[in-house]
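This report describes a protein chain residue by residue and then as a whole. The sequence and the model are shown first.

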Amino acid sequence: MRNRLTFAGRRFADLLLFCVTATEFVLLFVLTPTFTIADWIYVLQHLIVLGVALTRPAPKVWDYSTASSIAVGVAYIYPYAQVIWLRWSPGNVASPAAGLALVILAAGLSLVSLLTMGRLFGVRPALRGLVTRGPYKLVRHPIYLSYVIADIGYNLQEWNSVTIALVLLGWASLVYRIKAEERLLSHHPGWQTYAVSVRSRLLPCIW
C-alpha cells in the first residue's frame, strides 16, 4: 500500500512521526516530576527522532496493515498507560536501585542503537536499508531489547498486576512488529547473510 500524501516534500508518515514524537516530548516533561540521567537521554532521543522524521528517505517496502497499526498503537500507549495507572493506583516497590540501573542501561542502549540506525529509523515495519554494525551485531533489534530492559527496570521501581498486564501486552505487540519487520527486511539482498551471522532477534542466545 503506497502512501502518496506529501507536504513540503515529506510523506504523511514522516509528518505523523514528527507530530507524535513532539507530543511524546511534551508528555515526558508533564509526566516526569524529577529528571534522571535516563530521562535526559530520552529527551536527546526525541530530539534526534524529530530530525530523522524530517530527513529520512522513503522506504522501499512498508506495511500499513491494520494489524501493524494496532501493534504500533499499543507500543506507543502502554508505557504511558502504566504511568497513569500507577498515579491512580500506586503499586509495590521491588528494587528501586536495580530498577534505575536497568532504566539507565536501556536508555543508553536505545540511544546508541538510534544513532547507529540514523535516518533509517522508523516506527512502522518498513525497509529503508539494513543496519549491521554496532549493537546490531549483538541482536537484530537492539532498540526493542532496550524497551524490554526498560520495562523490567520501571516495574522494579513500582509495579502492580495492571502494569504487568500492560507490559505483557506491549511485549506481544513488540514480537509482532519484529516478525513483520523481518518479513520486509528479507527483501534486502544482505538480509540472509546478516540473519545467519546474528541469530538472536531480541534476547541473546534465547530468541
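## L111 and helix α4

In this predicted model, L111 belongs to helix α4, which covers residues 96-117. Is L111 buried or exposed? Its relative accessibility is 15%, and the limit for a buried residue is under 20%, so L111 counts as buried.

When neighbours within four places in sequence are set aside, the residues in contact with L111 are I41, L44, Q45 and I48. A separate distance relates L111 to S146: the two residues are 35 positions apart along the chain, and 9.3 Å separates their C-alpha atoms.

## Helix α6: I178 and T163

Helix α6 comprises residues 161-185 and includes I178. T163 is placed in helix α6 as well. The relative accessible area of I178 is 0%, and I178 is therefore classed as buried. For T163 the relative accessible area is 0%, which means that T163 is buried.

Which residues does each of these positions touch, apart from those up to four places away in sequence? I178 is in contact with H141, Y144, R201, L202 and W207. T163 touches Q82, W85, L86 and N155.

Two C-alpha distances give further placement for these helix positions. I178 and L203 are separated by 25 residues in sequence and by 12 Å in space. For T163 and K137, the separation along the chain is 26 residues, and the C-alpha atoms are 31 Å apart.

## A126 and strand β4

Strand β4 consists of residues 126-127, and A126 lies within it. A126 has a relative accessibility of 18%; since buried means under 20%, A126 counts as buried.

Outside the four nearest places in sequence on either side, A126 is in contact with P59, V61, W62 and L184. A126 is also 9.1 Å from E182, C-alpha to C-alpha, with their positions 56 residues apart in sequence.

## Cysteines and disulfides

How many disulfides does the structure hold? The number is 0. In general terms, a disulfide is a covalent bond that joins the sulfur atoms of two cysteines.

Two cysteines may be described by their accessibility. C19 has a relative accessibility of 46% and is therefore classed as partly exposed. C205 reaches 82%, so C205 counts as exposed. The cut-off for the exposed class is over 50%.

C205 is located in the segment that follows α7 (191-197). The backbone at C205 has a positive phi of about 70 degrees, although the residue is not a glycine.

## Overall fold and dimensions

The protein chain contains 7 helices and 4 strands. Their order along the sequence is β-β-α-α-β-α-α-β-α-α-α. The radius of gyration is 17 Å, close to the 17 Å given by the globule rule for 207 residues, so the protein chain is as compact as a globular protein of that length.

Along the principal axes, the C-alpha atoms of the protein chain fill a box of roughly 50 × 40 × 30 Å. Among contacts in the protein chain with a separation of 6 or more, 81% are made by residues 24 or more positions apart.

## Burial, surface and charge

Of the 207 residues in the protein chain, 43% count as buried. L111, A126, I178 and T163 are examples of buried residues. The area that the protein chain exposes is about 10,900 Å², and 70% of that area is supplied by carbon and sulfur atoms.

What is the charge content of the protein chain, and how far apart do the centres of the two sets lie? The protein chain carries 18 positive and 8 negative side chains. The centre of the positive set and the centre of the negative set lie 12 Å apart.

How values were computed. Residues numbered from 1 in each chain as written. Predicted model: local features only at pLDDT ≥ 70, side-chain atom pairs only at ≥ 80, totals over all residues. Heavy atoms only, no water. Helix = DSSP H or I, 4+ residues; strand = E, 2+ residues; numbered from the N terminus. Rg over C-alpha atoms; globule rule 2.2 N^0.38 Å. Buried < 20%, exposed > 50% of the residue type's maximum accessible area, 1.4 Å probe, protein only. Contact = heavy atoms within 4.5 Å. Areas by Shrake-Rupley, 256 points an atom, 1.4 Å probe, with all protein chains shown as cover. Lys, Arg positive; Asp, Glu negative; His and termini not counted. Charge placed at Lys NZ, Arg CZ, Asp CG, Glu CD. Disulfide = S-S within 2.5 Å.
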